[in-house]
Amino acid sequence: MNEPALRIDELRLRVPGLAPRDARQFGEQVARQLAAQLPGAPATRQIGAMHVRLRQPAGVSRHPSPAAIAGEIGRRLA
């Protein structure tokens with residue numbers, strides 16, 4: 001029996017200041033976090049685009065964490 005899977009054909013993140021390798025790893029972390037946060041098999045659907053903007057409070061890391069990005073995407077998909 002096949003396991004349910006999350007398939008992301010394209011994920012574009014704009015995170016200024018990351019080197020290409022670091023940006024790729026960051027995107028992979030977001031995808032892994034998202035897969036872990038979605039319960040069971042998500043309904044089959046295609047999402048043309050989703051714009052998510054996260055602002056970091058003063059004194060917090062310059063970039064949002066992969067978990068924060070995946071969390072916001074997951075909330076919108078729910």
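In the predicted model, R12 and E10 form a salt bridge in which the closest N and O atoms lie 2.8 Å apart. Both partners of this pair, R12 and E10, are exposed. In total, 3 salt bridges are counted.

The other pairs described here involve helix α2. This helix comprises 12 residues, residues 66-77, and at 1.5 Å a residue it should span 16 Å; the C-alpha atoms at its ends are 16 Å apart, in agreement with that expectation. Buried positions in α2 are P66, I69, A70, G71, E72, I73, G74 and L77. The cover over the buried residues of α2 includes helix α1, residues 20-37.

Within α2, E72 takes part in two pairings. A salt bridge joins E72 to R75, with the closest N and O atoms 3.3 Å apart, and another joins R76 to E72, with the corresponding atoms 3.1 Å apart. E72, R75 and R76 are thereby linked in a network of salt bridges. The spacing along the helix accords with this arrangement: E72 and R75 are separated by about one helical turn because they are 3 residues apart in α2, and R76 and E72 are likewise separated by about one helical turn, being 4 residues apart. In general, an α-helix has 3.6 residues a turn, so residues three or four places apart point the same way.

The members of the network vary in accessibility. E72 has a relative accessibility of 18% and therefore counts as buried, the limit being under 20%. R75, with a relative accessible area of 56%, is exposed, whereas R76, at 42%, is partly exposed.

Key
Residues numbered from 1 in each chain as written. Predicted model: local features only at pLDDT ≥ 70, side-chain atom pairs only at ≥ 80, totals over all residues. Heavy atoms only, no water. Helix = DSSP H or I, 4+ residues; strand = E, 2+ residues; numbered from the N terminus. Expected span 1.5 Å × (residues − 1). Buried < 20%, exposed > 50% of the residue type's maximum accessible area, 1.4 Å probe, protein only. Contact = heavy atoms within 4.5 Å. Salt bridge = Lys/Arg side-chain N within 4 Å of Asp/Glu carboxyl O.
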